[in-house]
2 protein chains.
Amino acid sequence: MIESDELLSIRAAELYYEEDKTQDEIGSILALTRWKVGRLLAQAKASGFIRIEIVHPRARRLPVERRLRETCGLTDAVVVSTSGVEDQDELQSRTAQAAADYLAALRPVPRTLGISWGRTLDDVSRHLEDGWASGVDVVQINGGVSLNRRAGTAASTAVTMAQKAGGHATLLPSPAILERLETKRAIESDRAVAAVLSLAADADAYLFSAGAADASSVLVDSGYLTPDDVAELVRRGAVGDVVGRYVDASGAIVDHGLDGRTIGLPLERLRAAQLSIAVIAGAAKHAVARAVVTSGLCTVLVTDEETALHLIENHRPVHDSEDHA
Amino acid sequence: MIESDELLSIRAAELYYEEDKTQDEIGSILALTRWKVGRLLAQAKASGFIRIEIVHPRARRLPVERRLRETCGLTDAVVVSTSGVEDQDELQSRTAQAAADYLAALRPVPRTLGISWGRTLDDVSRHLEDGWASGVDVVQINGGVSLNRRAGTAASTAVTMAQKAGGHATLLPSPAILERLETKRAIESDRAVAAVLSLAADADAYLFSAGAADASSVLVDSGYLTPDDVAELVRRGAVGDVVGRYVDASGAIVDHGLDGRTIGLPLERLRAAQLSIAVIAGAAKHAVARAVVTSGLCTVLVTDEETALHLIENHRPVHDSEDHA
DNA sequence: CGCCGGCGTGCTCATATGAGCAAAGATCGC
DNA sequence: GCGATCTTTGCTCATATGAGCACGCCGGCG
């Protein structure tokens, strides 16, 4: 009975979805009433035999977004489809695009937006359309005078975002991490720097990304840390960095010494924010993403489908942890 | 213009298919009239952004069947879905199941059915339901007294099919291939054998499979040929065997000497048949499948999706050829 | 400058679909 | 074997969707 109905529902589904027949027509083909056909179809859908997928680089996964919001207690979530993604860059780009879209659609429009910097954020800035908002000021929330050839990426991200929104950018004129605590204190108390930090602390919204805890980090690339430093941090439980600060799986600072020498908004400020948007994509960042989400660092997460599913499956309300690649 | 419509159609599709919103609701969400939404949705479908797949072991691919029928000039085609197939056995089994279904649904019911033997056909016989027909007589169309431990498989296939249909089986009491032409002629002229062959030649319908040309062939397994024999046949262009006879890509007999020593229905009889059903699945059999279809050996093909797509793509009206694994 | 043809838009109307309900049938315990 | 209950079936009615059409907008051309 149940067996034959299942088979029938498959036959009906084939005719309905693949041959565009009407339920009535299917009824006469399979010798059933159209109501029976309707029920068969409903059953097929409910049993998950019918898989509908939207294949497009800019497709989102609304049901996943909903689950992500619910299980992780986010105010909003944007999940981009990973189907047909060819490489990591493609994934990054799609996610950044989605973040740009989200930002542009944001209401009310924030007067001041605090942003971090890095490859992801830069990608977002490039995906924003000219005139995406009118008059949004952009402030850097962590230090980032780049020490290497990529100098200026941090600045250009902020400037691009501000320009395209017809607002202006406020850069944080300071390194990300200082070698000595005294130097850090001195820079922090510098009038110019202090003013930016205070502006940053007053931003209406934040947009930031996170880095995986490995040698590929921008902090290593920019020369603030050595691969060995990172390895040591990992040994002590670090899963990645958020606005320049290394956190463990529970979102706690790993090395308070290092953290004390890091310039920028404290994570507590992000946790207290009304609106803070994290943009995190890629398998390498699953662990950080989880730390960010479970420790309440963001209210909105923009990510890829795989990361989202990982978060949904592994959501436990914060404590120590194991993890993936 | 076109760009923004594309994006809109994706958003609409997400809401329609993933969130089960009505077109009207989507209209108010995206600030569009419901007609516009309907058109966007139609556009999304037409552009192929919406992929609907029926995931079920017994799902068929009706659109592929249609294309297969049309491009290859078959009277009918059955294509089983390969999604979620784990191994080759699963694929075989699904295809055999489909063939059994097809056979059971066949109208008019053939009075006499000629069948070959082998792993695939045996699988079909096992998938048939008891009472799948009432009174169908089954006749073997090629020799197959098995020389090895699997003895009886050929016989049991025919007997099972006949029993389940409430008809009776007629076995061909002869080896598949003889070593000497004279022996073959002698056996062929034996009254009992000749009677079966003539019955086979008069069958209303045929059901057969095909083997790939490699050492895994049942003909090798049963001891009729050595792996070296097969290698030599391959060198001479063989792509596989059909009812015990090795054919090349154009469906022509490869080795007339060998063919002369093979007992069973000549391929010409199959080509002339009103209804001959081939059941062929698996990547290893793409080449034979192509030979069978292009040379008109079957009027109906039961196969898997990948093979079907291969046939559709590589359909050229017969001549020499290259080929895949 | 104004006319015409093509296209996109929003409409009317016919059709397809889904919700809810009453009757028929199956299933179980007694 | 019989009745109570629970499921399944085919219906009526409300709603959602698709076809076709008239209108208005735009760009080209006289």
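**Core and symmetry in a predicted model**

Modeller: In this predicted model, Leu68(B) touches Gly73(B), Leu74(B), Ala77(B), Val79(B), Leu301(B), Thr303(B), Ala308(B), Leu311(B) and Ile312(B), leaving aside residues up to four places away in sequence.

Colleague: What makes these count as contacts?

Modeller: Contact requires heavy atoms within 4.5 Å, and the residues listed for Leu68(B) touch it in that sense.

Colleague: Which residues have the most contacts inside the largest nonpolar core?

Modeller: They are Leu68(B), Phe208(B), Val242(B), Leu270(B), Val292(B) and Leu301(B), in a core of 44 residues. Helix α14 of chain B, residues 286–294, supplies the largest share, six residues. Apart from that core lies another, of 43 residues, including Ala200(A), Val242(A), Ala289(A) and Leu297(A).

Colleague: Why is α14(B) called mostly covered?

Modeller: Buried means under 20% relative accessible area, and nine of the nine residues of α14(B) are buried. Among them are His286(B), Arg290(B) and Thr294(B), along with Val292(B) and Val293(B). After the helix comes Gly296(B), with a positive phi near 70 degrees.

Colleague: How do you know that the two copies are related as by a two-fold rotation axis?

Modeller: A turn of 180 degrees and a shift of 0.1 Å along the axis lay chain B on chain A with an RMSD of 0.1 Å. The copies are therefore related as by a two-fold rotation axis.

Colleague: Which residue of chain B comes closest to the rotation axis?

Modeller: Ile52(B) does, its C-alpha being at 2.3 Å.

Colleague: What makes it the same surface that serves both copies?

Modeller: Of the contact residues of chain B, 100% recur in chain A.

Terms used. Residues numbered from 1 in each chain as written. Chains lettered and ligands numbered in written order. Predicted model: local features only at pLDDT ≥ 70, side-chain atom pairs only at ≥ 80, totals over all residues. Heavy atoms only, no water. Core = buried A, V, L, I, M, F, W, Y, C linked by side-chain atoms within 4.5 Å. Buried < 20%, exposed > 50% of the residue type's maximum accessible area, 1.4 Å probe, protein only. Helix = DSSP H or I, 4+ residues; strand = E, 2+ residues; numbered from the N terminus. Least-squares fit on C-alpha atoms with pLDDT ≥ 70 in both.
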